[in-house]
Amino acid sequence: MSETSPATADLYDEHGDALQSCSVQLRHYGGRSSFSGTISTVRCHRDNALVKAALAEPGEGKVLVVDGGASLESALMGDLIAASAVEHGWAGVVILGAVRDVAAIRELPLGALALGSNPRKSAKDGVGDRDVTVSFGGVDFVPGQTLWADEDGILATRP
C-alpha cells in the first residue's frame, strides 16, 4: 500500500460488504506494516518449495497468499525466501502458517503476515497447488483479485 492508499478501515467504510474481511488474526513480521497488490496463491502443508518458486518469479507488486493449513510445525518462509521476494518485486506475503528468521525479515521492505514462527525448516518436495482459490478467515483469496493489509487486518475483493 502506498503512502496515499487508504487504510483498510477506510476502505471497508467506503465499500462495506463489497469487500471480504479476514477474521484470522495474523502477526506482522515484515518491515512494511501496510501493503496491497494483486493476489497470487500457494496451497501447501509443511513444504515450501512452491512458495520459494513463486517468490523467485517477477512479483510486479503482487501479494502471495499461502494456505499452509494453519500448521506451526515448520516455517514456510525464512529470510532468504523473503529477500528473494523483495528482489523480485513482491509487495507482501500472507501465510496461514509459520515463518522463521523473524529478526531478519523485520528488516526487509516487505509485508509479511503469518500465524507465528518456528525455527524448523519445511520439506522441499514441491507438494501443493499454485494459483488456486484458497480460503481462510471467511475470505476466498482468488488469484487476480486485490488484497489490502495493514495493522487493522486484511481485506480482499470478492470474486
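**Reading a predicted model, feature by feature**

Q: Which cysteine has the sulfur closest to that of C22, and what is the distance?

A: The closest cysteine sulfur to that of C22 belongs to C44, at 16 Å, which is too far for a bond. This is a predicted model, and the distance is computed from its atoms.

Q: How many disulfides does the structure have?

A: Start with the general idea: a disulfide links the sulfur atoms of two cysteines by a covalent bond. The cut-off used here is a sulfur pair within 2.5 Å. By this rule the count is zero. Seen from the other side, C44 is in no disulfide, and its nearest cysteine sulfur, that of C22, is 16 Å away.

Q: Are C22 and C44 buried or exposed?

A: The cut-off to keep in mind is that buried means under 20% relative accessible area. C22 has 9% relative accessibility, so it counts as buried. C44 has 5%, so it is buried as well.

Q: What about the protein as a whole: what share of its residues is buried?

A: Of the 159 residues, 48% are buried. The accessible surface comes to about 7,200 Å², and carbon and sulfur atoms hold 47% of that surface.

Q: How does the radius of gyration of the protein compare with that of a compact globule?

A: For 159 residues, a compact globule would have a radius near 15 Å; the protein has 14 Å, so the two agree. The C-alpha trace spans about 40 × 30 × 25 Å along its principal axes. For a single distance within the fold, take A53 and P6: they lie 47 residues apart along the chain, and their C-alpha atoms are separated by 31 Å. A53 sits in helix α2, residues 49-55, and at 35% relative accessibility it counts as partly exposed.

Q: What share of the contacts joins residues that are at least 24 apart in sequence?

A: Counting contacts between residues at least 6 apart in sequence, 75% join residues at least 24 apart.

Q: How many helices and strands are there?

A: The protein has four helices and eleven strands. Several of the strands can be followed through their pairing.

Q: How is strand β4 placed, and which strands does it pair with?

A: In a regular strand, side chains point in turn to one face of the sheet and then the other. Strand β4 covers residues 63-77, and eleven of its 15 residues are buried, so the rest of the structure largely encloses it. Strand β3 (residues 35-43) is joined to β4 by five bridges, and the two run parallel. In that pairing, I39 stands opposite V63 of β4. Strands β4 and β5 also pair in the parallel sense, over eight bridges. There, S71 stands opposite G97 of β5.

Q: Which strands are joined to β6?

A: Strand β5 (residues 92-99) is joined to β6 by six bridges, and these strands run parallel. One of the partnerships places V94 with L113 of β6. Strand β2 (residues 27-28) is joined to β6 by two bridges, and these strands run antiparallel. R27 has A114 of β6 as its bridge partner. Strand β6 itself, residues 111-117, is mostly covered, with five of its seven residues buried.

Q: How many aromatic pairs does the structure hold, and how is a pair described?

A: A pair of aromatic rings is described by two values, the distance between the centres and the angle between the planes. The structure holds one aromatic pair. The rings of F136 and F141 have centres 4.8 Å apart and planes at 35 degrees, so the pair is tilted. Stacked would need planes under 30 degrees apart, and edge-to-face over 60. Both F136 and F141 are buried.

Q: What is the sign of phi in R46 and in D131, and where do these residues lie?

A: Most residues other than glycine have a negative phi. R46 has a phi near 55 degrees, a positive value in a residue that is not glycine. R46 lies in the loop between β3 and α2, and at 30% relative accessibility it counts as partly exposed. D131 is not a glycine either, yet its phi is positive, about 50 degrees. D131 lies in the loop between β7 (129-130) and β8 (134-136). Its relative accessible area is 41%, so D131 is partly exposed.

How values were computed
Residues are numbered from 1 along each chain as its sequence is written. This is a predicted model: local features need pLDDT of at least 70, side-chain atom pairs count only at pLDDT 80 or more; totals for chains, interfaces and linings use all residues. Side-chain values use heavy atoms; hydrogens and water are left out. Buried means under 20% relative accessible area, exposed over 50%, partly exposed in between (1.4 Å probe, protein chains only). Two strands pair if DSSP finds at least two bridges between them. Rings of Phe, Tyr and Trp (its six-membered ring) pair if their centres lie within 6.5 Å; planes under 30 degrees apart count as stacked, over 60 as edge-to-face and the rest as tilted. The radius of gyration is taken over C-alpha atoms; the globule rule is 2.2 Å times the number of residues to the power 0.38. Contact means heavy atoms within 4.5 Å. Accessible areas come from the Shrake-Rupley method with a 1.4 Å probe; for residues, only the protein chains shown count as cover.
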